[in-house]
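Biologist: Before we discuss individual residues, please show me the model. I should like to ask how each term applied to it is justified.

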Amino acid sequence: MLLLLISFLAGCLTILAPCVLPVLPVIVGSSIGGQKKDKARPFIIVASLALSIICFTLLLKVSTVLINLSPSVLTGFSGGLLVLLGLTALFPEFWERLVIKLNWQAKSQRFLGKGERNKSKYIGPVLTGVALGPVFASCSPTYAFILASVLPSSFAAGLFFLFAYTLGLVITLLIVAIMGRKFIYKFDWAVDTHSIFRRSLGVVFILIGIAVMSGYQTKSEVWVGNHLPFDETKIERVLLAKQHKNNLVHSIATNIANQSVLNVQPTPAPEFQGLTSWINSPPLTTSQLKGKVVLVDFWTYSCINCIRTLPYIKQWDAAYRDKGLVIIGVNTPEFAFEHNPDNVAAAVKKFGIKYPVALDNDYATWNAYNNNSWPADYLIDKSGNIRYVSLGEGDYDKTEKAIQLLLGVNGSLKTPTASVPITQGQTPETYFGTNRAQNYVGSPQLQNGTKNFTASPSLGSDQWTLNGQWQIEGESITSTSDTSTLHFNVNAKDVYVVASGQNQNVGVGLSPAQAGQYGPDVANGLVTVDASRLYHVVELTQFGNTTVTLTVPKGVTLYTFTFGS
């Protein structure tokens, strides 16, 4: 009985979830018809949404067990419908012509919603409800528990609790839709399908649809959830904690408590796509790894942010491999030389990586995960669902706690909290090629081709300049003279450069002179560029400002400067 109450309450509270708040305008906007007498629209939208949630849930459960349907199909369907509905609101005249052409209403009825007996006016509300079902689903820890635990053990009980959850959601949404509708109808322009207000709603529909299809809605959900001043699951946790002696309820309480560690709702992990040149392992698939906990680490070997995470990942591999953890390093290249399997293999050997690594040269797996960050970690449970995501550096203790939780092991953390070596005011990563160059000063302007450059006489903070002859390309710059120089006014403690060369010596100078504060790749003021990789050229005793000068011989290519503190 308590689970039934919690399911109903969770449905009521779902409208406060980070993934639902942005789409509430869609519910209210779709409730507005062409006539104020048309009071059925909110009920049609909410009823369609409820049916969509139930069907989506059952399909999701079947798909993860039987057909492994990609979640991108469902999100693409939902987002596409929202975009289509937005276009009809933004350009109502085209919708009216389509309705007439398809004989959905009498030719004399030129505007959507005219005619009390015309059923075509309900097509939009029905499609809205259908599109939003997958978006509203998985926004509550109780919903996730019903999907993951109750339905597999008892289909009837799971369906019963799912109905209770949906009922709570329906009642709350009806209140929001009806109240919002009454408020908007106080303004006559809200009824006109050709008004700026109605067209603006169409733009909102389109933006939300694109966010759903692109995966941005899921990624932003984590950020929003971490910055909201309230927690919509708090009441659920309080109720469950009071009933900890009940085994079933206790398992739910544990599941909900885990939400603070497992920061995304269960979503079927995409299959690996386009991975080649596997290192330390034969080719693997997510399907054959079910029953294991899998950490998919997106990295690239010349990225300093990725390199700084490797000691932590290697510790997890050593500590938890025999307990069921499988780490897959997906090397998705940022620069052309990182497509070379030999370069990647050499980097794997240099860094002492023992877990499987594969090349994602075409960004196929990167795109399948909707990823946009180096490094990025996706933690997959034994059922093949993504349960935790960490983008960028840091949160090592949280990631390890998630690993322990999914493995079902206890113990002290091998990787306690560590601060990310970034200081306020630190120079940002700076690319030299024209595709992403920034903060360049000097003459002539930075354009593709081979030119003679004259350095700027002065440099502002984070600015850089060139002197001598350089060949400029989209992702790099290459010296075409043995006396070419690059000058960079940086704010940092550590300075790294990504470069390519054939055993050539690049001079490194600091102004003001700071002897003995060069990086480990520098000897006697020179760094030997012997491969395409990252070089540590400056290591000051403390964060500060300095001008780094590189004297670059002919044939050496520079890609980017990165920094630490």
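Modeller: Leu-169 is a suitable starting point: this residue has a relative accessible area of 0%. Please bear in mind that the model is predicted.

Biologist: Why is Leu-169 called buried?

Modeller: The term requires a relative accessible area under 20%. Leu-169 has 0%, and is therefore buried. The residue belongs to helix H8, which spans residues 155–184. Its C-alpha lies 4.8 Å from that of Cys-12, although 157 residues separate the two in sequence.

Biologist: Turning to Ser-302, what makes this residue buried?

Modeller: Its relative accessible area is 2%. The limit is under 20%, so Ser-302 qualifies as buried. Ser-302 is located in the loop that lies between strand S3 (293–299) and helix H13 (304–320).

Biologist: Which residue shares a side-chain polar contact with Ser-302, and what makes the pair count?

Modeller: The partner is Glu-338, and the side chains are joined at 2.4 Å. A polar contact requires N or O atoms within 3.5 Å, and the distance of 2.4 Å is therefore consistent with that limit. Neighbours within four places in sequence aside, Ser-302 also contacts residues including Phe-335, Val-498 and Leu-534.

Biologist: How do you know that Cys-303 is not bonded to Cys-306?

Modeller: A disulfide is a covalent bond between the sulfur atoms of two cysteines. The criterion used here is a sulfur pair within 2.5 Å. The closest cysteine sulfur to that of Cys-303 belongs to Cys-306, at 3.1 Å, and is therefore too far for a bond. Cys-306 is likewise in no disulfide. The count for the model is 0 disulfides.

Biologist: Are these cysteines buried or exposed, Cys-303 and Cys-306?

Modeller: Cys-303 has 8% relative accessibility and so counts as buried. Cys-306, at 0%, also counts as buried.

Biologist: Which residues touch the most other members of the largest nonpolar core?

Modeller: They are Trp-299, Trp-316 and Leu-325, in a core of 42 residues. Elements that each supply at least two residues include S3, H13, strand S4 (325–331) and helix H16 (396–407). H13 gives the largest share, 9 residues.

Biologist: Which residues does Leu-325 contact, leaving aside its neighbours within four places in sequence?

Modeller: Leu-325 is in contact with Val-293, Leu-295, Trp-316, Tyr-320, Ile-403 and Leu-407. Apart from the largest core lies another, of 33 residues, with Ile-472, Val-529, Leu-550 and Phe-563 among them.

Note on methods: Residues numbered from 1 in each chain as written. Predicted model: local features only at pLDDT ≥ 70, side-chain atom pairs only at ≥ 80, totals over all residues. Heavy atoms only, no water. Helix = DSSP H or I, 4+ residues; strand = E, 2+ residues; numbered from the N terminus. Buried < 20%, exposed > 50% of the residue type's maximum accessible area, 1.4 Å probe, protein only. Polar contact = N/O pair within 3.5 Å; in protein donor to acceptor, adjacent residues only side chain to side chain. Contact = heavy atoms within 4.5 Å. Core = buried A, V, L, I, M, F, W, Y, C linked by side-chain atoms within 4.5 Å.
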